[in-house]
Amino acid sequence: MGGSPGCTHTDSWHSFQISLSNMSPAPIILWFRRDLRLEDHAALSEALKGGSPILPLYIHETETVPSMGAASQWWLHHALQAHEARLRALEARLIVRQGDPAEVLAKLIAETGAKAVYASRAYDRSTDALDHTMQGFLDKRHITWKTFGGHLMWEPTEVRNKSGKPFQVFTPFWRAQSQGFEPGKPLPAPTHWPSPQQWPASDPLESLHLLPSISWDAGWKDIWQPGEKGAAQAVERFASEAYETYEVGRDLPGIEGTSRLSPHLHFGEITPAQIYHGLLKRLQPRGVSPTALMSSCYMRELGWREFAHHLLHHFPDTTDRPLRPEFEAFPWMEDEGLLRAWQKGQTGYPMVDAGMRELWSTGWMHNRVRMIVGSFLVKHLLIRWQEGAKWFWDTLVDADLANNTLGWQWIAGCGADAAPYFRIFNPMTQSEKFDGHGDYIRRWVPELAKLSDADLHAPWEVPPLALASAGIQLGVTYPHPVVNHTIARERALAAYQKIKKAR
């Protein structure tokens, strides 16, 4: 009695056990944001511990604030391609979805029965607000929500000065954080991916429309290699070719004297810990100790990135407003013509124009030149720093909200640890000092290439015969200066004096 014909209780129990053994645990959604890597990924390492299937997810947030610039979208497209290929090699997939994160996650949880969502932390206001929303949204559904560090060496929430307040000057920040510190060894990438029995649907990458509609990016793929592999190769090149001369080479735009790792760092294709240990592995045989590397000029520059994220976390309004409130009253000028000349590299100042043209052609600009073109915009032209920040945001492949904000407020003199108001870069002496032979200017302003090294930095001072023999007609083949340096400098100093008196 009790069993169907031909089936015993023992048979039923055996079938039930088989069905249990075929059931996999509820999956974990691993939400990739600005952390497009598999190595040194704390959220991934934690997800791997339980043996649950892991669903790698990228959400293209259609309402992201601030929206991503066009150059960064180009990088993101290729970074996602590289990330997908890395996952495919492990027989996994990247699930791409678009829309509001809460709606996307709710749908994916319903489709898959996921029990948890893991993500890496970011530290700007919009991400903080989103994470808070996600916490409440998932808690109500009894879904575990966990975030992990790794984007930075130090969590901004944990860094304070002796008074318990955020640092506002870099040197004491770096001294307090770096002394005796060594980044932990990077976590290994998985060699096997715990996949679900069935993969959810994914939107085609092309449906995100990240690539430019005009041929602005022509040649970029010859310059950049987005993805973890490209980041690792950049570390290798820097260690072998530029690290030992970095302290001097980082100021010379005519040579490959920097690491060019900034876009890889921004998109989380590599972490500061990976860079540190990658350099140490290659430099220790050449006599560079861990202490020497940590106190090096290059690691100090990585420290500026940390400082920028520290400031953005504690002073989120600085993306739009000056940290020093007296600068709210600064007498900026509105001049679309001058702004456009600056954007297009048509100011008549060769070093400024070279930098702006490099930016447009490559999606990147040498750091020394960023300071020169920034100073020219806010001090020679008296155009507000926010306009420069907007242009950089749209045209840099490494456009990072924290770094962009810190850099422009530093240049304008209105931020933390800012350049003094009276420090106004002279674009001619800057180019003579850092591009004396004109390699950089000749590359990006080829219409001036036939001028001598001495004449290249201020063509408006060159005698007409020498200009003619170089094939240059000022105002026709190359513009006259849009402002007179001496007059512009005096005007800027007078403007800064006004707010100084008003304090």
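A search of the whole structure, which is a predicted model, finds 33 aromatic pairs. A pair of aromatic rings is described by the distance of the centres and the angle of the planes. For W154 and F173, the ring centres lie 6.1 Å apart and the planes meet at 85°, so this pair is edge-to-face. W154 belongs to the loop between β5 (144–148) and α6 (170–178), whereas F173 belongs to helix α6 itself, so the contact ties together parts that are 19 residues apart in sequence. Both W154 and F173 are buried.

An edge-to-face arrangement is also found for F327 and Y496, with 5.9 Å from centre to centre and 65° between the planes. Here F327 is placed in the loop between α13 (297–314) and α14 (336–344) and Y496 in helix α22 (residues 485–502), so the pair ties together parts that are 169 residues apart in sequence. With a relative accessibility of 5%, F327 counts as buried, and Y496, whose relative accessible area is 1%, is buried as well.

Ring pairs also link W74, W75, W216, W220, W224, F267, W360, W364 and W391 into a cluster. One member of this cluster, W364, has R260 lying over its face, at 4.2 Å from the ring centre. A second placement of this kind involves R33, the charged end of which sits over the ring of W31, 4.7 Å from the centre of that ring.

The secondary structure of the chain comes to 22 helices and five strands. Five strands form an open sheet in the order β3-β2-β1-β4-β5, and the pairing is parallel. Its edge strands are β3 (95–98) and β5, each of which pairs on one side only. Neighbouring strands of this sheet are turned against each other by 25° on average, when direction is ignored. Strands of a sheet pair through backbone hydrogen bonds, either parallel or antiparallel.

Within this sheet, strand β1 (residues 28–32) is joined by five bridges to strand β2 (residues 54–60), the two running parallel, and the bridge partner of I28 in β2 is I54. Four bridges join β1 to strand β4 (residues 116–120), again in a parallel arrangement, with I29 standing opposite V117 in β4. Strands β2 and β3 pair in the parallel sense over four bridges, and Y58 stands opposite V96 in β3. The connection from β1 to β2 includes helix α2 (residues 42–48), and together these three elements make a right-handed β-α-β unit.

Strand β1 is mostly covered, five of its five residues being buried. In a regular strand the side chains alternate between the two faces of the sheet. In β1, I28, L30 and F32 point one way while I29 and W31 point the other way, and all of them are buried. W31, one of these buried residues, is also the residue whose ring lies beneath the charged end of R33.

Among the helices, α16 (residues 367–380) was examined for its length and its burial. At 1.5 Å a residue, its 14 residues should span 20 Å, and the C-alpha atoms at its ends are 19 Å apart, which agrees with the expected span. Helix α16 is mostly covered, with 13 of its 14 residues buried. Just after α16, L382 takes a positive phi of about 55°.

Helix α6, which contributes F173 to the aromatic pair with W154, also contains R175. R175 has a relative accessible area of 49% and is therefore partly exposed, in contrast to F173, which is buried. The C-alpha atoms of R175 and E301 are separated by 13 Å, although these residues are 126 residues apart along the chain.

For the chain as a whole, the C-alpha trace spans about 115 × 50 × 50 Å along its principal axes. Of the 503 residues of the chain, 53% count as buried.

Terms used. Residues are numbered from 1 along each chain as its sequence is written. This is a predicted model: local features need pLDDT of at least 70, side-chain atom pairs count only at pLDDT 80 or more; totals for chains, interfaces and linings use all residues. Side-chain values use heavy atoms; hydrogens and water are left out. Rings of Phe, Tyr and Trp (its six-membered ring) pair if their centres lie within 6.5 Å; planes under 30 degrees apart count as stacked, over 60 as edge-to-face and the rest as tilted. Buried means under 20% relative accessible area, exposed over 50%, partly exposed in between (1.4 Å probe, protein chains only). A charge sits over a ring if NZ of Lys or CZ of Arg is within 6 Å of the ring centre and within 35 degrees of the ring normal. Two strands pair if DSSP finds at least two bridges between them. A crossover is right-handed if, with the strands pointing away from the viewer, the path from the first strand over the helix to the second runs clockwise. The expected span of a helix is 1.5 Å times one less than its number of residues. Axes are lines fitted to C-alpha atoms, for helices over the stretch in contact, and angles run from 0 to 180 degrees between N-to-C directions.
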